[in-house]
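Please look over the fold shown below before reading on. The report that follows takes up strands, helices and a few backbone details in turn.

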Amino acid sequence: MKMASPCRRSPTICGGLLLLLAFVAETAQGGAGASAPALYVLGDSLADVGNNNHLVTPFRANFPHNGVDYPGHLATGRFSNGHNLADFIAASLGLPSPPAYRSLGNTISRNHSIFLKGVNFASGGAGVLDGTNKGLTISFDEQIERDYSTVYGGLVQQLGQAQASIHVARSIFAVGIGGNDIAARVLSGPADQRQMSSDEQFIGSLAQSLRRKLQRMYKLGMRRLFFVGTGPLGCYPLLRQRSLAMECDAEASSLSVRYGAAAAAILRAMSTRRPGFRYSFFDQYTALLGYIQEPEANGFAEAKAACCALGNGTALLICTPANALCADRASHVFWDGAHLTDATTEKLVAVAFNGSAPMVSPVNLEELSM
């Protein structure tokens, strides 16, 4: 008597078995010392690969000139002329760049195998604080509690709790966030006219919120974290041009340094108190400031003006079709008022992957992934 296919009799069970077999094969091929099996990305526009395309928000980049150097010259939603932070991190790990979570649509409920190599939850405009650009972005809290939590639940459903925990623990989580909080504070008006907390209280609130969210990620299985500190935000074109002399904004840069120090302290504390937790902190502030202060020594010709800007040189937050475009994107540090060219980002990720303390510590990205 001809037996019915087990998959035909129970496609859900069969799908789960196939996914589990794929996971076991992946683990067997990895072995001791293998790099991470997946990359999960959270954060802001530094790493957004298209999540904001699905929102009604001014924080979108799915139009020219964005993507002018991306394969096919496509404006994918990346705030860049080409690839961004998430892409270069994935490439350095030998992984495909994870898809935008919001682009997966209805496939999420039907096929959890798409989660095995990683997912990108980052959203342009997001901040550490829930109130930063509220309603216009996918907040960091929503990225964790709603989107990543759904992915983790899908992996548990298909692999079982034990195997899902192993998979997630071996994966790399990349987080880059905080710049929007600082920019929102600085751009809210002169410091002596603000009706808000002191700088010390502001940094304290950022640290408290970041600590809570990273601890929540740990409870949801994260064990290996690559954290990207903010750049020297005061030297970005959007903030630099507030000065008639185009000087770096001292307040924004100071807040960037203090936030980076607070984030590093949180990570150090987690590594001593949370079993199995390892991290790599990339001091993007110091690395990028070196490019800005010595552009020619680092392969750049322009480190103040944005490549994509208005005819009078004024840089906007996001590159738009109305902006003029520089001829040589690789010679510019900055793409628009608040984002880097892909040439700059590629150099930074190379430092994070192969570099050493104090630029990246206590281990670099390569060491974290092994």
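## The sheet and its central strand

Tyr40 has Phe173 in β3 as its bridge partner. The model is a predicted one, in which local features need pLDDT of at least 70 and side-chain atom pairs count only at pLDDT 80 or more, while totals for chains, interfaces and linings use all residues. Residues are numbered from 1 along each chain as its sequence is written, and side-chain values use heavy atoms, with hydrogens and water left out. Strands (E, at least two residues) and helices (H or I, at least four) are DSSP runs numbered from the N terminus, and two strands count as paired if DSSP finds at least two bridges between them.

Strands β1 and β3 run parallel and are joined by five bridges. On β4, Leu225 is the residue that stands opposite Phe173, and β3 (residues 172-176) pairs with β4 (residues 224-228) in the parallel sense over four bridges. These pairings belong to an open sheet of six strands with mixed pairing, in the order β2-β1-β3-β4-β5-β10. The edges are taken by β2 (118-120) and β10 (360-361), each with a single partner strand, so one side of each is left without a neighbour in the sheet. In general, strands of a sheet pair through backbone hydrogen bonds, either parallel or antiparallel.

Is β3 buried or exposed? Five of its five residues are buried (buried means under 20% relative accessible area, exposed over 50% and partly exposed in between, with a 1.4 Å probe and protein chains only), so β3 is largely enclosed by the rest of the structure. Both of its faces are covered, with Ile172, Ala174 and Gly176 buried on one side and Phe173 and Val175 buried on the other.

## Helices across the sheet

Helix α5 (residues 140-159) lies across β1 (39-43), β2 and β3, and runs at about 160° to β1. Helix α12 lies across β4, β5 (278-282) and β10, running at about 140° to β5. Axes here are lines fitted to C-alpha atoms, for helices over the stretch in contact, and angles run from 0 to 180 degrees between N-to-C directions.

## Two helix pairs

Two packed helices are described by the angle between their axes and the distance between the axes. For α3 (residues 85-92) and α12 (residues 342-354), the axes come within 9 Å and cross at roughly 40°, which makes α3 oblique to α12 (angles under 35 degrees count as roughly parallel, over 145 as roughly antiparallel, 65 to 115 as roughly perpendicular and the rest as oblique). The crossing is right-handed (the near helix is turned clockwise from the far one by less than a right angle; anticlockwise would be left-handed). Leu85, Phe88, Ile89 and Ser92 of α3 meet Asp342, Thr345, Glu346, Val349 and Phe353 of α12, contact meaning heavy atoms within 4.5 Å. By class, this contact of α3 with α12 has five nonpolar, two polar and two charged residues, where Ala, Val, Leu, Ile, Met, Phe, Trp, Tyr, Cys and Pro count as nonpolar, Asp, Glu, Lys and Arg as charged, and the others, Gly among them, as polar.

The axes of α7 (residues 179-186) and α8 (residues 199-219) come within 11 Å and cross at roughly 155°, and that makes α7 roughly antiparallel to α8. The crossing of α7 past α8 is right-handed. Asp181, Ile182 and Arg185 on α7 meet Asp199, Phe202 and Leu206 on α8, a contact with three nonpolar, no polar and three charged residues.

## Loops and backbone details

Most residues other than glycine have a negative phi, and most peptide bonds are trans. His73, in the loop between β1 and α3, has a positive phi of about 55° although it is not a glycine, and His73 is exposed, with a relative accessible area of 61%. Asn133, in the loop between β2 and α5, has a positive phi near 50° and counts as partly exposed at 24% relative accessibility.

A cis peptide bond joins Ala357 and Pro358, with omega about 5°, and Pro358 is found in the loop between α12 and β10. Another cis peptide bond, with omega about -5°, joins Ser361 and Pro362; Pro362 is found in the loop between β10 and α13 (365-369).
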